[in-house]
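Reader: I would like a close look at a single part, the largest nonpolar core, with every cut-off stated. Which residues have the most contacts inside it?

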Amino acid sequence: MSSSTVSVSAATPTQHPFQRKIDEIKPSKMDINFVIMDYLVSEGYPRAAERFAKEANIHVPLVEESIQSRVEIRRAIHSGDIDAAITKINDLNPQILDTNRSLHFTLLRLQLIELIRTCTSSATADVTPALNFASAQLAPRAATIPEFLKDLELTMTLLIMLPATGKLQPELAELLEPSLRRDVASKVNEAILTSMGDHGEARMRSLVRLRHWAEAKARATGKDIPPVLPLGLQDADETSSENNGRNGGAGDEMVQ
């Protein structure tokens, strides 16, 4: 049999009907640009927002001073300088922490974790600063709120376990992960935006959560959808299953 008569045995994959419906939807470019711009402003990337506004011909007034303040606060938290972050938050709006006891406690707890990290990092460890800070700043707040007390007790366990062993239980190890700083920084950013009368988080985050919820509901009710529905966010799809929590955590900080 000649090569010209050989038929191709490999069948072309048939596209799932659900995927065809998705492909038929043509989102508005204006809507896409709005979501991207909203993300850049909400997450605090003024330089990127300015460049994108010019490229997309979007006229959105940027309150750069406010954005820059949020950038500085985020950087302080990411670097572990929680005292500086709290000072900057109070300079921006002292009511934010005065009216949000949970956020204030979360920041103070993170500050305690940084103190414990510093106090136990040398052979001649002196835990006195951490003990004094916990007694003065966190213990009074935790005395009447069981959730705060539980978090404080877990954090104080680090004082014992960190110098004694190099391997911590997962719930203790998580306190030292950079992801905790990023999570707290994201909560602070949302609180600042809310205090300014803005949407508390980037709409892109809300849309991603809504999309995950809709997929879960569809699968739970036995709808005919593909086994895998990528988000279409390039490399983000590879780690989306690991970041389905809050929302998809905040990612690496953009260069300003």
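Author: A helix axis here is a line fitted to C-alpha atoms over the stretch in contact, and angles run from 0 to 180 degrees between N-to-C directions. Helices (H or I, at least four residues) and strands (E, at least two) are DSSP runs, numbered from the N terminus. The model is predicted: local features need pLDDT of at least 70 and side-chain atom pairs count only at pLDDT 80 or more, while totals for chains, interfaces and linings use all residues. Residues are numbered from 1 along each chain as its sequence is written, and side-chain values use heavy atoms, with hydrogens and water left out.

The protein has 13 helices and zero strands. Of its 256 residues, 32% are buried, that is, under 20% relative accessible area (exposed is over 50%, partly exposed in between; 1.4 Å probe, protein chains only).

A nonpolar core is a set of buried Ala, Val, Leu, Ile, Met, Phe, Trp, Tyr and Cys residues joined through side-chain atoms within 4.5 Å. The largest one has 38 residues, and Ile77, Leu107, Leu112 and Val188 have the most contacts inside it. Elements giving two or more residues to this core include helix H4 (64-78), helix H5 (82-92), helix H7 (101-119) and helix H11 (178-195). H7 gives the most, nine residues. Domain 1 (28-99 + 187-221) and domain 2 (100-176) both contribute residues, so the core lies between them; the bounds come from an automatic or database domain assignment.

Ile77 touches Ile82, Ala85, Leu107, Leu110, Arg181, Val184, Ala185 and Val188, leaving out residues up to four places away in sequence; contact means heavy atoms within 4.5 Å. A separate core of eight residues lies apart from the 38-residue one, with Tyr45, Ala49, Phe52 and Ala53 among its members.

Val188 belongs to helix H11 and is buried, with a relative accessible area of 2%. Between Val188 and Ile77 there are 9.5 Å in space, C-alpha to C-alpha, although they are 111 residues apart in sequence. Beyond its neighbours within four places, Val188 is in contact with Ile73, Ile77, Ile89, Leu103 and Leu107.

Next, one helix pair. The axes of H5 and H7 come within 9 Å and cross at roughly 155°. The two helices are therefore roughly antiparallel, a label for angles over 145 degrees (under 35 is roughly parallel, 65 to 115 roughly perpendicular, the rest oblique). Ile82, Asp83, Ile86 and Ile89 of H5 make this contact with Leu107, Leu108, Leu110, Gln111 and Glu114 of H7.
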